[in-house]
Amino acid sequence: MKEQTLPHLLNKQLKIVDVKSVLARTEDTFAWDGWGVRDIAILTDEDGNFLREGNALVGYYTGSTNEGELQQIGRAISYDDGITWLKDKNNPVLSTSSNSWDSKVSATPWVLKIDQTYYLYYRGSTAGGIDDAVGVATS
């Protein structure tokens with residue numbers, strides 16, 4: 001594997017045009033994201049520019065259940081430049097592991113696409129806020 005320098009997203013200017021909810025928790029409180037959603041990150045390239053998959057923006061977000069104790073990562077698609085988002089029917093796309101360093105928390109995603117590889121950086125933990133670490137999953 002060739003050595004790669006991974007990018008940093010710094011000093012990007014965003015213009016705030018409206019403030020409203022665009023992605024909500026699932027109404028079923030027992031669903032994987034029934035407690036809450038947060039931390040949306042839009043797919044970027046190595047320079048921090050938003051990428052489109054076809055004609056859509058792709059976002060990754062944290063969903064939680066069990067009063068926030070179990071946190072996993074979902075995917076959503078926007079066909080209208082981020083005004084509305086549709087959740088992927090295959091969510092969560094990154095679940096917690098069964099018995100490892102990220103068995104309770106796989107959260108706070110940041111996803112890059114470099115060449116044809118996706119790098120999903122995320123926060124993992126065996127208990128929210130305790131012994132956190134950063135992981136990377138590739139696809």
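These legends describe close-up views of a predicted model of one protein chain.

**Figure 1. Overview of an all-strand chain with 0 helices and 8 strands.** From the N terminus on, the elements run β-β-β-β-β-β-β-β. The protein chain has 139 residues, and 39% of them count as buried. About 8,800 Å² is exposed, with carbon and sulfur atoms supplying 51% of that area. Take the contacts between residues at least 6 apart in sequence: 45% of them join residues at least 24 apart.

**Figure 2. Strand S3, residues 56-65, is mostly covered.** In S3, 10 of 10 residues are buried. Ala 56, Val 58, Tyr 60, Thr 62 and Ser 64 point one way from the strand. Leu 57, Gly 59, Tyr 61, Gly 63 and Thr 65 point the other way. Both sets are buried.

**Figure 3. S3 and its antiparallel partners S1, S2 and S4.** Strand S1 (residues 36-42) is joined to S3 by 5 bridges, and the two run antiparallel. Arg 38 has Thr 62 in S3 as its bridge partner. Strand S2 (residues 52-53) pairs with S3 over 2 bridges, also in the antiparallel sense. Here Glu 53 stands opposite Ala 56. Strand S4 (residues 70-78) pairs with S3 over 9 bridges, again antiparallel. Ser 64 of S3 finds its bridge partner in Gln 71 of S4.

**Figure 4. Two hairpins that share S3.** S2 and S3 form a hairpin with 2 residues between them. Gly 54 in that turn has a positive phi of about 70 degrees. S3 and S4 form a hairpin with 4 residues between them. In this turn Asn 66 carries the positive phi, at about 55 degrees.

**Figure 5. Surroundings of Gln 72 in strand S4.** Gln 72 has a relative accessibility of 9%, so it counts as buried. A polar atom of its side chain lies 3.4 Å from the backbone nitrogen of Thr 96. Beyond residues up to four places away in sequence, Gln 72 touches Tyr 61, Thr 62 and Gly 63, among others. Its further contacts include Trp 32, Pro 92, Leu 94, Ser 95 and Ser 106.

**Figure 6. Surroundings of Ser 125 in strand S7, residues 117-125.** Ser 125 is buried, because its relative accessible area is 0%. Neighbours within four places in sequence are left aside here. Ser 125 is then in contact with residues including Trp 101, Asp 102, Ser 103, Lys 104 and Val 105. Ile 130, Asp 131 and Asp 132 are also among its contacts.

**Figure 7. The largest nonpolar core, 10 residues in all.** Its members are Leu 43, Ala 56, Val 58, Tyr 60, Ile 73, Ile 77, Leu 94, Val 111, Leu 120 and Tyr 122. S3, S4 and S7 are the elements that give two or more residues to this core. S3 gives the most, with 3 residues. Nonpolar side chains tend to be buried together in soluble globular proteins. Leu 43 touches Val 58, Tyr 60 and Val 111, among other residues more than four places away in sequence. Asn 49, Phe 50, Leu 51 and Tyr 118 are also among the contacts of Leu 43. Another core, of 7 residues, lies apart from the largest one; among its members are Leu 23, Ile 42, Ala 76 and Trp 85.

**Figure 8. Three of the salt bridges, of which the count is 7.** Side chains of opposite charge can pair when their charged atoms come close.

- Asp 81 and Arg 52 meet at 2.3 Å, N to O. Asp 81 sits in the loop between S4 and S5, Arg 52 in S2, and they are 29 residues apart. Asp 81 is exposed at 53% relative accessibility. Arg 52 is partly exposed at 42%.
- Lys 113 and Glu 53 have their closest N and O atoms 3.4 Å apart. Lys 113 lies in S6 and Glu 53 in S2, so the pair ties together parts 60 residues apart in sequence. Lys 113 is buried at 18%, whereas Glu 53 is partly exposed at 26%.
- Glu 69 and Lys 104 meet at 3.7 Å, N to O. Glu 69 is in the loop between S3 and S4, Lys 104 in the loop between S5 and S6, 35 residues apart. Glu 69 is partly exposed at 42%, and Lys 104 is partly exposed at 32%.

How values were computed. Residues numbered from 1 in each chain as written. Predicted model: local features only at pLDDT ≥ 70, side-chain atom pairs only at ≥ 80, totals over all residues. Heavy atoms only, no water. Buried < 20%, exposed > 50% of the residue type's maximum accessible area, 1.4 Å probe, protein only. Contact = heavy atoms within 4.5 Å. Areas by Shrake-Rupley, 256 points an atom, 1.4 Å probe, with all protein chains shown as cover. Pairing = 2+ DSSP bridges. Polar contact = N/O pair within 3.5 Å; in protein donor to acceptor, adjacent residues only side chain to side chain. Core = buried A, V, L, I, M, F, W, Y, C linked by side-chain atoms within 4.5 Å. Salt bridge = Lys/Arg side-chain N within 4 Å of Asp/Glu carboxyl O.
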